[in-house]
Amino acid sequence: MASIFTKIINGEIPCHKIAEDDKYFAFLDINPVKEGHTLVIPKEEVDYIYDLEDETLAGLNIFAKKVSVAVKKACPCNRIGITVIGLEVPHAHIHLIPIDKLNDMSFEKPKMNPSSEELAMVAERIRSFL
Ligand code: AMP
């Protein structure tokens with residue numbers, strides 16, 4: 001069965017898209033740990049990130065780097081934290097999180113639950129810097 005992220009890529013499930021090319025896709029996390037929390041994924045559905053072919057993995061990181069520049073401009077912060085977890089969704093993804101302190105990266109605190117309108121505004125702001 002297709003992963004929830006493949007369904008997002010295919011437009012079967014809505015998302016707040018940030019960027020897309022032929023191999024990669026970026027969109028806002030629906031329950032961010034910090035405003036601007038963005039997920040970057042390969043279109044190829046592979047669960048574990050290190051099972052990706054080297055070329056795809058390298059391309060994913062380069063695509064994430066471009067997206068991170070726009071996220072940082074849209075959500076001023078000390079830096080963009082980068083993490084890979086993958087315990088919830090079995091489709092490789094990189095979390096890009098605007099952070100000022102270590103706790104901003106924490107997935108143990110309650111996550112945010114912004115409205116679709118709020119997410120749309122953040123996505124628009126990030127896209128304006130791409
Ligand atoms: P993990 O697999 O542990 O790295 O976490 C998966 C992330 O995907 C979580 O931060 C979720 O909030 C996020 N997520 C799950 N479903 C969606 C969705 N439909 N749209 C956007 N983000 C999602």
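How far does a backbone N or O atom of glycine 86 lie from an oxygen atom of the ligand, and what is the distance in Å? I looked that up at the start. The model I am reading is predicted. In it, the backbone atom of glycine 86 and the ligand oxygen are 2.8 Å apart.

**Entry: side chains at the ligand**

I turned to the histidines next. Histidine 93 places a side-chain N or O atom 2.6 Å from a ligand oxygen. For histidine 95, I read 2.8 Å between a side-chain N or O atom and an oxygen atom of the ligand. I then checked how much of the ligand is covered. On its own, the ligand has 510 Å² of accessible area, and the protein covers 92% of that.

**Entry: the shell**

I listed the neighbours. The ligand is surrounded by 17 residues. Gly86, His93 and His95 are among the closest, and so are Asp29 and Lys111. I sorted the shell by residue class. I found 10 nonpolar residues, 4 polar ones and 3 charged ones.

Which elements each supply at least two residues of this shell? I noted α1, residues 4-9, and β2, residues 24-28. The largest share comes from α1, with 3 residues.

**Entry: the pocket**

Where does the ligand sit among the pockets? I found that the space it takes is the largest pocket. I wrote down a volume of about 510 Å³ for this pocket. Its lining has 26 residues. Closest to the pocket centre are Phe5, Asp29, Ile30, Leu39 and Glu88. I marked Asp29 in my notes: it is on this list, and it is also among the closest residues to the ligand.

I went through the elements of the lining as well. Two or more residues come from each of α1, β2 and α3, the last spanning 116-127. Here α1 gives the most, with 3 residues. By class, the lining holds 16 nonpolar, 7 polar and 3 charged residues.

**Entry: what I keep**

I keep three points for the next page. Glycine 86 meets the ligand through a backbone atom. Histidine 93 and histidine 95 do so through their side chains. Helix α1 leads both in the ligand shell and in the pocket lining.

Terms used
Residues are numbered from 1 along each chain as its sequence is written. This is a predicted model: local features need pLDDT of at least 70, side-chain atom pairs count only at pLDDT 80 or more; totals for chains, interfaces and linings use all residues. Side-chain values use heavy atoms; hydrogens and water are left out. A residue is near a molecule or strand if one of its heavy atoms lies within 4 Å of it. A polar contact is a pair of N or O atoms within 3.5 Å; within protein, one must be able to donate a hydrogen and the other to accept it, and residues adjacent in sequence count only if both atoms are side-chain atoms. Accessible areas come from the Shrake-Rupley method with a 1.4 Å probe; for residues, only the protein chains shown count as cover. On a 1 Å grid over the protein atoms alone, a cavity is a set of points where a 1.4 Å probe fits but cannot get out, and a pocket is an open set with protein on both sides within 12 Å along at least five of seven lines; lining residues have an atom within 4 Å of a point. A molecule sits in a cavity or pocket if more than half of its atoms lie within 2 Å of its grid points. Helices (H or I, at least four residues) and strands (E, at least two) are DSSP runs, numbered from the N terminus. Ala, Val, Leu, Ile, Met, Phe, Trp, Tyr, Cys and Pro count as nonpolar, Asp, Glu, Lys and Arg as charged, and the others, Gly among them, as polar. Grid points are joined across faces, edges and corners, and a volume is the space filled by probe spheres set on the points.
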